[in-house]
Amino acid sequence: LIRILLASLALLAAIYFLKAVLLQLSAEDVDEPAEPVASNATDLERAQQAFRVGEDAKALATLTSCTQDSEACKTQLGEMYLVGAGLPRNLTKAKELFEDAAEKGDPDAQYNLAILHASLPARNEDLRRNEALAVLHLYAASTAGHPGALMAMGYRHLHGYGVPQACTTAALNYIDVAKGIASIYSSGMPQAVELVRLNLPHKERKVISSSELNLFVQIATSGDSTVAAAIGKRYLLGIEGFKQDLQKAKQYLKMAANRNHAGAVALLGYMYCLGLGMPQNLDTAYAYFVTAANQNDPLGHNGLGYIYFRGTNAQARNLRLAFKHFNESAYGGSSDGMFNLASMYLTGSGAEQSFQKAVLYYTQALDRGHTPAAYSLAVMHLNGIGTVRDCDIAVNLLKKVCERGEWLSSKLVSAYDFGDKEPDKAALMFLKLAEAGHEVSQMNVAHLFDHGHANLLLPDEPGDKPRARADDYDAEDARYHARNVAQRFYELSAEQGSASSELRLGDYAYYGWGMSSSFTETPLPETPVPDDWQDFPLPSIYTNDIVELFPQEVDYEAALARYRKTADMTVTGEWMQSFVARASFNLGFMHQFGIGIGQDLNMAKQHYFRCREVDPIGLHAPVTIALATLACHVLYTRLPNGDELMARLSADVRVHVLLLHLIAVVVMVMLQCYLSAEEEAGQGYGCGGRADRQVRGVHALGQAALRAG
């Protein structure tokens with residue numbers, strides 16, 4: 001029996017090993033190949049594709065051949081000099097190429113120049129931060145319709161960064177980009193991009209591995225319609241680690257639809273209805289929608305509503321039936337159904353017009369992440385239709401819509417693909433998005449500079465040969481410049497409510513990192529005034545504002561304010577827990593030892609417990625140690641001072657009795673030692689008597705042993 005059991009275990013282990021090998025081999029086949037370049041692609045498109053996949057030499061050769069004819073090629077070549085891709089990094093050369101292309105009207109070059117002027121640390125007159133030039137180049141790029149520049153100008157006008165704070169101007173900049181994005185979402189399914197914060201542990205990133213993907217594929221092909229439908233939906237939307245692939249989406253959705261899976265049937269109807277990966281066919285879509293709606297699927301009802309609203313060759317337009325199916329879809333929880341139902345209430349199509357109900361259903365769709373609903377609500381808030389006119393709400397909604405567009409999502413994908421392998425390229429992508437006001441990108445680029453991963457904005461040394469790596473610079477100087485750049489983006493991110501950025505700014509103030517600024521007002525030089533203008537003097541407010549930057553000193557009060565703001569934040573996502581908990585711990589530490597605030601041990605204890613409460617699954621060993629230290633600290637603080645302690649001990653009779661007992665014990669021990677010494681001396685051993693006696697005893701034992709032998 002034991003042999004049979006061992007043989008069975010060995011066979012089972014061999015089977016599992018073989019399965020693991022097959023999974024690994026098939027996983028290698030599943031890996032996505034690089035996107036092919038179209039045969040009719042331009043030199044710029046070929047160079048950009050080579051730049052994305054890491055073929056820098058090929059990209060450099062292509063760009064060198066087309067810079068004479070294309071300003072866009074010059075801009076791309078400047079980016080390669082900026083990040084040091086295929087050639088030594090040269091910030092001065094990159095800036096010259098950007099300026100040359102910008103003078104001839106290239107909006108990408110103008111946008112890159114704006115990034116440099118807004119982000120460069122002060123070094124010399126040629127390469128330094130200049131907000132005025134940054135705004136100028138952003139405005140020039142925005143007039144050419146550059147999405148990033150329009151978003152950046154909207155973001156700056158919303159918060160008053162370098163320009164007058166004007167909500168309506170911000171809305172005008174955002175709405176041009178948002179309108180196009182909303183129309184794309186209404187007619188298709190763009191690639192979704194997961195927002196990844198680089199300062200989170202890798203284990204918290206939702207990225208599916210190739211082996212896991214292959215395992216799901218095997219389960220789907222074995223007959224599980226639910227898994228097949230889930231895979232098809234993820235390929236269709238491009239979410240949760242699946243790259244958008246319409247052909248694979250169609251394959252797995254049909255696999256599930258053949259087993260009568262209602263959700264898969266409805267999604268296939270969407271693909272035929274919108275022409276995603278196949279020619280548009282509304283009649284085929286109608287058949288799929290009917291099958292799904294008969295199973296009361298919300299997406300099926302929404303698709304039927306769309307067919308009835310639009311009408312086809314085989315199905316006449318019927319607004320009442322469209323309203324009925326949109327209503328069924330909305331009550332089933334479909335955000336598309338809610339959006340379409342709201343649109344019918346807004347226009348009064350198939351139902352009595354009601355702006356209030358339109359706002360209600362648009363809001364419900366927005367809560368489920370519906371992008372066109374956000375745009376519609378923004379327009380209603382902007383014009384006061386069905387709700388109170390509120391420009392701030394409208395602009396924030398428009399900003400959310402713009403951040404789901406192709407310009408932003410494509411650069412996010414590129415940045416995440418570059419990752420740790422090419423951090424300077426990733427930092428460049430994040431810089432472009434950060435300047436446009438994207439909060440996650442602001443935090444990510446700050447993280448890259450703060451931890452020394454990115455070096456593309458390190459200034460060139462005057463008169464020296466351009467250097468390609470941060471290692472070539474003095475480490476302290478490089479760290480100083482990197483933290484100055486990081487501080488700006490931490491501050492921008494913190495203004496948008498980022499707990500991690502707010503916490504890091506508290507660390508900057510606590511340790512004295514980064515820069516501080518002060519503003520001085522210098523009156524304009526006096527100029528001769530014509531006689532006709534003597535009665536109209538210029539107001540005194542027309543002055544030159546000079547910004548003075550200097551290294552930030554340790555500021556415990558500022559750190560305390562930052563930590564308190566972070567600790568008071570409401571946790572809206574799991575990623576925030578660790579940062580809010582750390583802020584609470586820092587507050588407890590500062591209250592315990594009176595750093596920047598009066599010592600308060602009770603408040604310190606509350607903050608330590610708050611740390612545990614906010615992040616119950618986090619690392620609690622430091623909190624436990626801190627609480628134990630705090631308990632000892634409390635006991636120590638309750639002890640009286642030296643004089644008072646001596647006075648209390650002297651007045652206590654028990655202390656005197658204890659001292660008498662101790663003295664008696666000492667006297668008895670000394671007496672015993674004295675008597676023992678006298679006894680030994682009386683037996684004639686003297687000082688060394690005990691040792692001699694032991695030697696003689698050993699000698700006698702030896703003699704006895706010899707006689708016995």
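Biologist: At roughly what angle do the axes of α8 and helix α20 cross?

Modeller: This is a predicted model, and the values that follow are computed from it. Helix α20 covers residues 391-402, and its axis comes within 11 Å of the axis of α8. The two axes cross at roughly 150°.

Biologist: Are α8 and α20 roughly parallel or roughly antiparallel to each other?

Modeller: Angles over 145 degrees count as roughly antiparallel, and the axes of α8 and α20 cross at roughly 150°. The crossing is also left-handed. The relation of α8 to α20 is therefore roughly antiparallel.

Biologist: Which residues in α20 are met by residues in α8?

Modeller: From α8, the residues involved are M151, Y155 and L158. By class, the contact of α8 with α20 has 5 nonpolar, 1 polar and 2 charged residues. On the α20 side, the residues met are D392, V395, N396, K399 and C402.

Biologist: With which residue does R156 form a salt bridge, and how far apart in sequence are the parts that the pair ties together?

Modeller: R156 pairs with E435, and their closest N and O atoms are 3.1 Å apart. R156 belongs to helix α8 (residues 147-159), whereas E435 belongs to helix α22 (residues 423-435), so the salt bridge ties together parts of the chain distant in sequence by 279 residues.

Biologist: Are R156 and E435 buried or exposed?

Modeller: The cut-off for a buried residue is under 20% relative accessible area. R156 has a relative accessibility of 2%, and E435 has a relative accessible area of 3%. R156 therefore counts as buried, and E435 is likewise buried.

Biologist: How many residues apart are K74 and E71, whose side chains meet in a salt bridge?

Modeller: The N to O distance in the salt bridge of K74 and E71 is 3.8 Å. Both residues lie in helix α4 (residues 71-83), with a spacing of about one turn of the helix. That spacing is 3 residues.

Biologist: Which residues are linked with E71 and K74 in a network of salt bridges?

Modeller: E71 is buried, at a relative accessible area of 19%, and K74 is buried at 11%. The salt bridge between their side chains belongs to a network that takes in two further residues, D100 and K104.

Biologist: What is the N to O distance in the salt bridge of R504 and D507?

Modeller: R504 and D507 both lie in helix α25 (residues 499-511), 3 residues apart, or about one turn of the helix. R504 is buried, with a relative accessible area of 18%, and D507 counts as buried at 7% relative accessibility. Their side chains meet at an N to O distance of 3.5 Å.

Biologist: Which residues does Y490 touch, not counting residues up to four places away in sequence?

Modeller: Y490 lies in helix α24 (residues 475-495) and counts as buried at 3% relative accessibility. One of the residues touched is R504, whose side chain also meets that of D507 in a salt bridge. The full list for Y490 is A446, H447, D450, H451, S501, R504, L505 and Y508.

Biologist: How far apart in space are Y490 and L503?

Modeller: Y490 and L503 are 13 residues apart in sequence. The distance between them in space, C-alpha to C-alpha, is 9.4 Å.

Biologist: In which loop does N260 lie, and what is its phi?

Modeller: Most residues other than glycine have a negative phi. N260 has a positive value instead, and it is partly exposed, with a relative accessible area of 47%. N260 lies in the loop between α12 (246-257) and α13 (262-274), and its phi is near 65°.

Biologist: Where is N296 found, and what is its phi?

Modeller: N296 is found in the loop between α14 (282-294) and α15 (298-310). At a relative accessible area of 53%, N296 is exposed. Its phi is positive, near 60°.

Biologist: How many helices and strands are there in the protein chain, and how many salt bridges are found in the whole structure?

Modeller: Of the 709 residues of the protein chain, 41% count as buried. Among contacts between residues at least 6 apart in sequence, 58% join residues at least 24 apart. The protein chain has 32 helices and 2 strands, and the search of the whole structure finds 21 salt bridges.

Definitions and conventions: Residues numbered from 1 in each chain as written. Predicted model: local features only at pLDDT ≥ 70, side-chain atom pairs only at ≥ 80, totals over all residues. Heavy atoms only, no water. Salt bridge = Lys/Arg side-chain N within 4 Å of Asp/Glu carboxyl O. Helix = DSSP H or I, 4+ residues; strand = E, 2+ residues; numbered from the N terminus. Buried < 20%, exposed > 50% of the residue type's maximum accessible area, 1.4 Å probe, protein only. Axes fitted to C-alpha atoms, helices over the stretch in contact; angles between N-to-C directions. Parallel < 35°, antiparallel > 145°, perpendicular 65-115°, else oblique. Left-handed = near helix turned anticlockwise from the far one by under 90°. Contact = heavy atoms within 4.5 Å. Nonpolar A, V, L, I, M, F, W, Y, C, P; charged D, E, K, R; others polar.
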